[in-house]
Amino acid sequence: MENEAKKIILSGIQPTGVFTLGNYLGAVRSWKTMQEQYNCYYFIADLHSLTIHIDPQKRRQQTREAFALLLACGIDTEKSLVFVQSHNKCHAEMGWIMDCCSQFGELSRMTQFKDKSAKHPDNINAGLFTYPALMAGDILLYQADYVPVGADQTQHLEFTRDVATRFNHTYGETFKLPEGYFPKAGARVMSLQDPTSKMSKSDTNPKATISILDDEKTILKKFKSAVTDSEACVRYSEDKPGVSNLMTIYSAVTGKTMAEIEAEFAGKGYGDFKAVVGQAVADELRPIREDFARLMQDRAYLEEEMKKGAEHATYIANKTLTKVKKRVGLLLEK
Ligand code: AMP
Ligand code: TRP
């Protein structure tokens with residue numbers, strides 16, 4: 001799997017629910033393409049998910065599902081390293097060391113911390129505050145070159161670079177500085193009910209989001225009720241966010257350009273347009289749904305893949321962790 005000449009890409013995704021069409025078209029689908037060109041490490045960030053309350057049984061289930069979903073979306077364990085974060089103990093250990101390299105002031109400036117603590121005033125736990133330090137550890141342990149993240153995580157990546165730079169300066173060159181990776185093909189998918197806001201897992205209106213496990217009937221129905229406008233013309237324009245969003249989705253799934261899509265639906269109504277987009281999405285997601293169902297039936301296979309992933313991840317991360325421990329003056333066990 002490992003190829004020395006290839007750059008390393010690393011990303012994590014929290015097990016906080018089934019991926020949306022937005023996660024898929026905006027992120028996970030390009031993770032699959034990147035496997036050919038890079039050494040890719042993908043993990044389920046279950047330790048990060050502890051910062052929010054989830055029923056323990058549900059957390060376990062969602063972790064298994066997220067792992068199976070990555071495989072169902074085409075991440076191939078022969079090509080990429082896929083693992084569950086807590087299965088590699090280096091993350092927790094490195095997280096503590098990174099905590100001690102992070103300043104209260106800089107963590108206080110993280111917008112995600114401010115947003116989340118404003119939203120959930122009843123659970124402003126210390127983990128929520130030090131979350132970026134754990135994330136910095138995740139990235140630096142693997143000496144990643146590139147980290148594909150959404151806009152909400154770019155501040156955390158910047159923070160990672162700051163911590164790494166400071167560490168290198170204080171203790172000597174140890175970490176590679178990771179860069180953000182923004183795949184050109186990544187589409188930004190908006191809510192089907194409010195096309196001015198991002199399609200999000202946490203949306204409370206089920207009609208607003210397409211889960212990548214929705215069946216064909218559900219997908220067609222949700223597209224049918226998608227918000228558009230009264231112009232009745234399939235045209236890409238900023239002042240037509242609903243139609244433009246559907247065009248973006250259709251383009252991402254079929255590879256057609258906006259001009260081709262406009263020509264295809266010239267003179268046709270929104271009813272036809274929505275049905276075609278819905279069908280294209282349903283066709284794209286069908287194999288993923290079927291693969292996912294098959295994988296979830298095969299618990300032994302999933303566990304075996306998780307175990308292999310954890311062993312390999314631990315092997316790689318432990319090299320950096322040992323170096324870090326030496327650097328900071330922890331006495332190594334003999
Ligand atoms: P999240 O579910 O917010 O943790 O996002 C995980 C990844 O999916 C991030 O890299 C996001 O950029 C991407 N993502 C989430 N929602 C969307 C969306 N509506 N459109 C495009 N990408 C998305
Ligand atoms: N914080 C990321 C999110 O919520 C998940 C994550 C954890 C991550 N560790 C990471 C992403 C390291 C990239 C690299 O989406």
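**Cysteines, a parallel strand pair and the ligand 1 shell**

In this predicted model, the disulfide count comes to zero. The cut-off behind that result is a separation of 2.5 Å between two cysteine sulfur atoms. For Cys40, the closest cysteine sulfur belongs to Cys73 and lies 14 Å away, which is too far for a bond. Cys101 is likewise in no disulfide: the nearest cysteine sulfur here is that of Cys100, at 6.8 Å. Turning to accessibility, Cys40 counts as buried because its relative accessibility is 1%, under the 20% limit for that class. Cys101, with a relative accessibility of 15%, counts as buried too.

Cys40 also takes part in strand pairing, as the bridge partner of Ile9 in S2. The two strands concerned are S1 and S2 (residues 39-44), and they pair in the parallel sense over six bridges. How enclosed is strand S1, which spans residues 8-13? Five of its six residues are buried, so S1 is largely enclosed by the rest of the structure. As background for viewing this part of the model, side chains in a regular strand alternate between the two faces of the sheet.

A further buried residue is found outside the strands. Ser102 sits in the loop between helix H4 (90-99) and helix H5 (104-108). With a relative accessible area of 10%, Ser102 is buried. The side chain of Ser102 makes a polar contact with the backbone oxygen of Met98, at 2.7 Å.

The surroundings of ligand 1 come next. Which residues form the shell around the ligand? Along the chain they are Gly22, Asn23, Gly26 and Ala27, then Val149 and Gly150, then Ala187, Arg188 and Val189, and finally Lys198, Met199 and Lys201. Sorted by class, this shell holds five nonpolar, four polar and three charged residues.

Backbone atoms from several of these residues come within polar contact distance of ligand 1. A backbone N or O atom of Val189 lies 2.7 Å from a nitrogen atom of the ligand. A ligand nitrogen atom is also found 3.2 Å from a polar backbone atom of Gly22. At Gly150, the ligand partner is an oxygen atom, 3.3 Å from a backbone N or O atom of that residue. As for coverage, ligand 1 on its own has 480 Å² of accessible area, and the protein covers 78% of this.

Conventions. Residues numbered from 1 in each chain as written. Chains lettered and ligands numbered in written order. Predicted model: local features only at pLDDT ≥ 70, side-chain atom pairs only at ≥ 80, totals over all residues. Heavy atoms only, no water. Near = heavy atom within 4 Å. Polar contact = N/O pair within 3.5 Å; in protein donor to acceptor, adjacent residues only side chain to side chain. Areas by Shrake-Rupley, 256 points an atom, 1.4 Å probe, with all protein chains shown as cover. Nonpolar A, V, L, I, M, F, W, Y, C, P; charged D, E, K, R; others polar. Buried < 20%, exposed > 50% of the residue type's maximum accessible area, 1.4 Å probe, protein only. Helix = DSSP H or I, 4+ residues; strand = E, 2+ residues; numbered from the N terminus. Pairing = 2+ DSSP bridges.
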